[in-house]
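The following exercises concern one protein chain and are to be worked with its sequence and coordinates at hand. Each task is followed by a solution in steps.

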Amino acid sequence: MFESAPHPPATTGPTIGIALGSGAARGWAHLGVLRVLAQEGIEPHVVCGASVGAFVGAALASGDLVKLTDWAESLKWKDVVSLLDVSLRGGLIKGQKLIRFFERNFVDRDFSELDRRFACVATELETGRELWLREGSVAAAVRASIAMPGLLTPVIRHGRVLVDGGLVNPVPVSLCRAMGADLVIAVDLGSDLVGKAVRPAAEPESEAGWTERVLARFGRTVTGGNGAEPKEPRPAAADVADAPSLITVLASSISIMQVRIARSRLAGEPAEVLIAPRLGHLGPLDFHRAREAIAEGEAAATHMLPALRYALKQY
């Protein structure tokens, strides 16, 4: 449902919409896709996003895309850790540091002040309803859309408890259509994730290592809850090395669910052009590997340029 009705401006040619899908750290691939589209002279009039797609979409609609790309490419894993404010109430991460950073470095705006039509998807926790957010603070709406259950704490908005929009509409093509898009370009980040969701934990700088160090830094362990050693016998070192972290299991499980939902919804609500970067080698919290994700986004978008050109000629 809309929180307010859109008023699409007149355009020459088709109204182009882009649906930016969910996918946690793999969402940096959106930056590569958008870079290729800009080089091709394709400027979306309507921007819709779910979860990390909402985060990137807000930067596009606000005119901050270059700034966001520069910041993402400069991230190191220690920078990612510095943005985490751990809490075990409603989610492992409050998300307040992340949104304060966004508001400080990418000026928060009201939806009515944006250069393009923008909306993002959230899920009402109590009812499971899909909500389309497009009024008030952009940062507040994005924070609701990225609230991955168990990882980021939910958001209370107008008396509703809201969580990640990717739970109900991982690639929001339907939202683009509702906002007046004639031609929709969809970016699906989950095309090759199933079967690759849990990677070996031995990779240096991977979320499997530093997540546990962050939890320990706050005086908690997943099993102890208060910094105490777990009472059960310690597993063998080889078992620990092979086991994924709690957050990896949680985020990857949600990613698998979103992949299945996205496939179903895209079958019933197809886009004119579907761009599907190959991101199975990236973990859900590998925000420090933006250059790799962006390169995959560029490659996927470049591969689909003939289809894009053909679709545009139909109008």
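A salt bridge is a side-chain nitrogen of Lys or Arg within 4 Å of a carboxyl oxygen of Asp or Glu. The model used in these exercises is a predicted one.

**Exercise 1. Salt bridges**

Task: State how many salt bridges the structure holds, and describe the pair formed by arginine 278 and aspartate 192.

Solution.

Step 1. The total is 13 salt bridges.

Step 2. For arginine 278 and aspartate 192, the N to O distance is 3.8 Å, which meets the cut-off because a pair counts when it lies within 4 Å.

Step 3. The two partners come from distant parts of the chain, 86 residues apart. Arginine 278 belongs to the loop between β10 and α11 (290–303), and aspartate 192 to the loop between β9 (183–187) and α8 (207–217).

Step 4. Arginine 278 has a relative accessible area of 47% and is therefore partly exposed. Aspartate 192 has 8% and is therefore buried, since the limit for a buried residue is under 20%.

**Exercise 2. Two further pairs and a network**

Task: Classify the partners of the bridges glutamate 269 to arginine 265 and glutamate 292 to arginine 289 by accessibility, and identify the residues joined into one network.

Solution.

Step 1. Glutamate 269 and arginine 265 meet at 3.1 Å, N to O. Glutamate 269, at 28% relative accessibility, is partly exposed, and arginine 265, at 22%, is partly exposed as well.

Step 2. The place of glutamate 269 is the loop between α10 (246–268) and β10 (273–275). Its C-alpha atom is separated by 6.5 Å from that of serine 174, although their positions lie 95 residues apart along the chain.

Step 3. In the pair of glutamate 292 and arginine 289, the closest N and O atoms are 2.9 Å apart. Glutamate 292 is partly exposed at 34%, whereas arginine 289 is buried at 12%.

Step 4. Arg35, Glu73 and Glu298 are joined into one network by salt bridges that share partners.

**Exercise 3. Helix α1 and the second largest pocket**

Task: Determine how α1 is covered and what it gives to the lining of the second largest pocket.

Solution.

Step 1. Eight of the 11 residues of α1 are buried, so that the helix is mostly covered under the limit of 20% relative accessible area. The buried residues are Ala29, His30, Leu31, Gly32, Val33, Leu34, Val36 and Leu37.

Step 2. The second largest pocket holds about 180 Å³ of space. Its lining comprises 14 residues, and those nearest its centre are Leu34, Arg35, Ala38, Leu65 and Val66.

Step 3. Two elements, α1 (29–39) and α3 (65–74), give two or more residues to this lining. The greatest contribution is that of α1, with five residues.

Step 4. By class, the pocket lining has nine nonpolar, one polar and four charged residues.

**Exercise 4. Positive phi values**

Task: Compile the phi values of alanine 24, serine 51 and glycine 41, and place each residue in the chain.

Solution.

Step 1. Alanine 24 has a positive phi near 55° and is not a glycine. It lies in the loop between β1 (16–20) and α1, and is buried at 10% relative accessibility.

Step 2. Serine 51, likewise a residue other than glycine, has a positive phi of about 60°. It is located in the loop between β2 (46–50) and α2 (52–62), and is buried at 4%.

Step 3. Glycine 41 follows α1 and has a positive phi near 80°.

**Exercise 5. Enclosed space and a surface patch**

Task: How many cavities of 30 Å³ or more are there, what lines the second largest cavity, and which residues form a nonpolar patch on the surface?

Solution.

Step 1. The count is five cavities of 30 Å³ or more. The second largest cavity contains about 90 Å³ of space.

Step 2. This cavity is lined by 13 residues, with Ser22, Leu189, Gly190, Gln258 and Val259 nearest its centre. The lining divides into six nonpolar, six polar and one charged residues.

Step 3. On the surface, Leu125, Ile156 and Val161 form the nonpolar patch, and together they have about 280 Å² of accessible area. Leucine 125 is placed in the loop between β4 (117–124) and β5 (130–133).

Conventions: Residues numbered from 1 in each chain as written. Predicted model: local features only at pLDDT ≥ 70, side-chain atom pairs only at ≥ 80, totals over all residues. Heavy atoms only, no water. Patch = residues over 30% accessible without salt bridge, like charges linked within 9 Å, V, L, I, M, F, W, Y side chains within 5 Å. Areas by Shrake-Rupley, 256 points an atom, 1.4 Å probe, with all protein chains shown as cover. 1 Å grid on protein atoms, 1.4 Å probe; cavity = no way out; pocket = protein on both sides within 12 Å on 5 of 7 lines; lining within 4 Å. Points joined across faces, edges and corners; volume = space filled by probe spheres on them. Nonpolar A, V, L, I, M, F, W, Y, C, P; charged D, E, K, R; others polar. Buried < 20%, exposed > 50% of the residue type's maximum accessible area, 1.4 Å probe, protein only.
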